[in-house]
Structures are given as structure tokens and as C-alpha cells.
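Biologist: Could you take a close look at one part of this structure for me? I would like to see how that part fits in with the rest of the chain.

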Amino acid sequence: MCAFLPGRMEQAGLMLVTTNLGGALPSAPGGLGIVQGFAKTSLVIPSNLPEEPAVAFVFAWSLGQQLLLIVLGLISLARVG
């Protein structure tokens, strides 16, 4: 988070909580759109952070999360056979 924004632990915690609550809403596969919207809003509105770096961070965070889950899934699939 510090690579994109002047991050604090409170901002990261608020973003994770609101993003997970937003991910519980019905949405497209992978939560695309709803999850990023909740994450961006939780960074921009309470902390008055600039919107462009917040959006860049949210998409990088989301991509990293998806890639990690794909890699873990492939490892698990290889172990199970």
C-alpha cells in the first residue's frame, strides 16, 4: 500500500473490512466491480486520499490477490492429482 499511497494501518484495515463486506453482495464472477468500488470508496472518502492512486492500488491489490489464489489452486490441484 505504501508504494501507491501514504498508507496507515487503520486505512488498510478499513479497506479490507469494507471490501469483504462488499464482496458478500451478489456480483459478477470474481466480485469484479463491486469489490474494487468498495475498496476505492473506503480509501478515498474517510481519508481524503487522491482517487487516482487509490484506484491504482485497488487494482494492483485485486490482481495480486487473484494471482495468489490461482497459484495456490494449481499447487493444490497438482498435489491431489
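The part in view is helix 3, with its surroundings taken in along the way.

Biologist: Which residues does helix 3 span, which residues make up the largest nonpolar core, and which residue forms a salt bridge with Glu 51?

Modeller: Happy to walk you through it. Please keep in mind that this is a predicted model. The mean pLDDT of the chain is 85, with 93% of the residues at 70 or more. Among the elements, helix 3 has the highest mean pLDDT, 92, while helix 1 has the lowest, 84.

First, the setting. The chain has three helices and zero strands, and the pattern along the sequence reads α-α-α. Its C-alpha atoms fill a box of roughly 50 × 30 × 20 Å along the principal axes. Helix 3 covers residues 51-80.

Now to the way in. The loop between helix 2 (34-47) and helix 3 holds Asn 48. This residue is not a glycine, yet Asn 48 has a positive phi of about 55 degrees. Asn 48 is also exposed, with a relative accessible area of 68%.

In helix 3 itself we meet Glu 51, which forms a salt bridge with Lys 40; the closest N and O atoms are 3.3 Å apart. The pair links distant parts of the chain, as Lys 40 sits in helix 2, eleven residues away from Glu 51. Both partners are partly exposed: Glu 51 has a relative accessible area of 40%, and Lys 40 has 23%. The structure holds one salt bridge, and this is the pair that makes it.

Next comes the interior. The largest nonpolar core has eleven residues: Leu 5, Met 15, Val 35, Ala 39, Leu 43, Val 44, Leu 49, Ala 54, Phe 57, Val 58 and Trp 61. Helix 2 and helix 3 are the elements that give two or more residues to this core. In soluble globular proteins, nonpolar side chains tend to be buried together. Trp 61 is a good residue to click on: beyond its neighbours within four places in sequence, Trp 61 is in contact with Met 15, Leu 16, Thr 19 and Val 35. Of these partners, Met 15 and Val 35 belong to the core as well.

For the chain as a whole, 23% of the 81 residues count as buried. Among contacts between residues at least 6 apart in sequence, 52% join residues at least 24 apart. A pair outside helix 3 gives a sense of such sequence distances: Val 17 and Ser 42 are 25 residues apart along the chain, and their C-alpha atoms are separated by 9.2 Å. Val 17 lies in helix 1 (residues 9-23) and counts as partly exposed, at 49% relative accessibility.

Finally, back to helix 3 and its surface. Leu 63 is found in this helix, and together with Leu 67, Ile 70, Leu 74 and Leu 77 it makes a nonpolar surface patch of about 510 Å². Leu 63 counts as exposed because its relative accessible area is 51%, and the cut-off for exposed is over 50%. The chain exposes about 5400 Å² altogether, with carbon and sulfur atoms supplying 72% of that area.

So here is the picture to keep in mind when you turn the model: helix 3 gives residues to the largest nonpolar core, holds Glu 51 of the salt bridge, and carries Leu 63, one of the residues of the nonpolar patch.

Technical notes. Residues numbered from 1 in each chain as written. Predicted model: local features only at pLDDT ≥ 70, side-chain atom pairs only at ≥ 80, totals over all residues. Heavy atoms only, no water. Patch = residues over 30% accessible without salt bridge, like charges linked within 9 Å, V, L, I, M, F, W, Y side chains within 5 Å. Areas by Shrake-Rupley, 256 points an atom, 1.4 Å probe, with all protein chains shown as cover. Salt bridge = Lys/Arg side-chain N within 4 Å of Asp/Glu carboxyl O. Helix = DSSP H or I, 4+ residues; strand = E, 2+ residues; numbered from the N terminus. Buried < 20%, exposed > 50% of the residue type's maximum accessible area, 1.4 Å probe, protein only. Contact = heavy atoms within 4.5 Å. Core = buried A, V, L, I, M, F, W, Y, C linked by side-chain atoms within 4.5 Å. pLDDT = per-residue confidence, 0-100.
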